[in-house]
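Welcome! Open your viewer, get the model on screen, and follow along one selection at a time.

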Amino acid sequence: MEPRHSKISRAASSIEFFGYVSDFLRKVCCMSSDVELGIRWYDERASDIAEQYCRVGFADVHGWLMEWLPPVESSPLVLDVGSGSGRDAAWFAERGYRVVAVEPASALRDEARRLHPSPCITWLDDKLPELGAVGEMGTAFDLILLSAVWMHVPKAQRSTAFRRLRLLLSPGGLMAVTLRLGPPDVERGMHAVSVQEIRFLAGLFGADVEHVGYSPDALGRSEVSWAEVLIRG
Ligand SMILES: C[S@@+](CC[C@H](N)C(=O)[O-])C[C@H]1O[C@@H](n2cnc3c(N)ncnc32)[C@H](O)[C@@H]1O
C-alpha cells in the first residue's frame, strides 16, 4: 500500500501543476482580451478619434523623422502599423511613397480609407504581434512606422512582435517607434513602455538604435510625453 506521505506529495504536485496551468491560461486570456479591449475602444470612437488625430499634422508629430526618410526617388515601401486615422499613411502617399497601412479596428480603418482614398495606400486588417497578413505579402519594407502603438502590445508579446517587425524590415531599412510615456490608460488596453526595452529588443534581434529623442504631447496632454526611437535593420 502507498504510504500516506507519498499520496499527500502526489496531491500537492497535482495542485501545483493545475495552479501553473490555470495561471498560464489566465495570462494568455488576459493578454488577448487586453488587445481586444484596446481595439474595441478605437472601434467604438472611430469618427471622433479620426477627427482628433487629424487635427495635428504629420510634421507636428514626426518632424524629427524628416531628415531620416528614404528618398522618394528610390520608390520606398512604407509600413504604417496601427495606422489609426490614416494621417501618416496619407502624408507619405501624397509625397509619392507606396504605403501599406495596417489597422485592426475595422470602423477606424473604414473611416481612414474614406478620409484618404489614395491609390498609393493598401489598407490591411492585421495586428501585432504576428502581422500575418503583412507576412503573406512576402515583401520587405524600407520604413516601418509604429506611431503610438507599442503601448498596446502586452509585454509578453513584445519579443514576438519585434521579431516579426525585424523580419519585415529590408536590409538597412528604418523602423521609427514612438513611445507614449506617462501613466498607461488601462481602459484602452495600454501597458508601460520604455526606451530601455526597445534598446534591449533591438540588440536581441541584431538591429541598431540610431536615434532617441523626446517630445511633449502634440495634443497638449500634460501627463503624456513621447520618446522617438529610430532603429536600423
Ligand atoms: C493611439 S492610436 C495611434 C494611431 C496612429 N498611429 C497615430 O499615430 O495617430 C493606436 C492605434 O493602434 C491600433 N492598435 C491597437 N492594438 C494594435 C495591435 N495589436 N496591432 C496593431 N495596431 C494596434 C489601434 O487600433 C489604434 O489605431
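Begin with two strands: select β6 (residues 208–216) and β7, which pair in the antiparallel sense over 8 bridges. Click on Val209, and you will find it standing opposite Ile231 in β7. Before moving on, keep in mind that this is a predicted model.

Now add β5 to the selection. β7 (residues 225–232) also pairs with β5, again in the antiparallel sense and over 8 bridges. Here the pair to click is Val177, which stands opposite Val229 in β7.

Stay on Val177 for a moment. Which residues does Val177 touch, leaving aside those up to four places away in sequence? They are Leu146, Trp150, Ile198, Val229 and Ile231. Val177 also belongs to the largest nonpolar core, a set of 55 residues. Together with Val78, Leu79, Val99, Ala101 and Ile144, Val177 touches the most other members of that core. Strand β5 (residues 169–181) gives this core its largest share, 6 residues. Nonpolar side chains tend to be buried together in soluble globular proteins.

Two of those core residues can lead you to the next stop, the strands β1 and β2. Select both: they run parallel and are joined by 5 bridges. Val81 has Val102 as its bridge partner in β2. Why is β2 (residues 98–102) described as largely enclosed by the rest of the structure? Because 4 of its 5 residues are buried.

Next, select helix α8 (residues 195–204), where Leu201 lies. Is Leu201 buried or exposed? Leu201 counts as buried because it has 20 C-beta neighbours inside 10 Å, and 20 is the number needed to be called buried. Ile198 and Ala202 are buried in α8 too. These three buried residues cover an arc of only 100 degrees around the axis, so they sit on the same side of α8. Turn the helix to see the face away from that side, which carries the exposed residues Gln196, Gly203 and Leu204. The buried residues of α8 have a cover that includes α7, β5, β6 and β7. Just past the helix, look for Gly206, whose phi is positive, near 65 degrees.

Follow Leu201 across to its contacts: not counting residues up to four places away in sequence, it touches Arg158, Ser159 and Phe162. Try a distance readout as well: Leu201 and Arg163 are 38 residues apart in sequence, yet their C-alpha atoms are 8.4 Å apart in space.

That brings you to helix α7 (residues 158–168), whose buried residues are Ala161, Phe162, Leu165 and Leu168. Look down the axis of α7: its buried residues fall within an arc of 125 degrees, so they line one face of the helix. Among the elements covering them are β1 (77–81), α6 (132–136), β4 (141–147), β5 and α8.

Now select the ligand and its surroundings. How many residues surround the ligand? There are 22, and the closest are Gly82, Gly84, Lys127, Ser147 and His152. By class, this shell has 12 nonpolar, 7 polar and 3 charged residues. Its largest share, 4 residues, comes from helix α1 (residues 4–44).

Finally, zoom out to the whole protein chain, which has 8 helices and 7 strands. Of its 233 residues, 36% are buried. Among contacts between residues at least 6 apart in sequence, 68% join residues at least 24 apart.

Note on methods. Residues are numbered from 1 along each chain as its sequence is written. This is a predicted model: local features need pLDDT of at least 70, side-chain atom pairs count only at pLDDT 80 or more; totals for chains, interfaces and linings use all residues. A nonpolar core is a set of buried Ala, Val, Leu, Ile, Met, Phe, Trp, Tyr and Cys residues joined through C-beta atoms within 7 Å. A residue is buried if 20 or more other C-beta atoms lie within 10 Å of its own, exposed if 12 or fewer, and partly exposed in between; C-beta atoms are placed from the backbone. Two residues are in contact if their C-beta atoms, placed from the backbone, lie within 7 Å. A residue is near a molecule or strand if its C-beta atom, placed from the backbone, lies within 6 Å of it. Ala, Val, Leu, Ile, Met, Phe, Trp, Tyr, Cys and Pro count as nonpolar, Asp, Glu, Lys and Arg as charged, and the others, Gly among them, as polar. Two strands pair if DSSP finds at least two bridges between them. The arc is that of the directions from the helix axis to the C-beta atoms.
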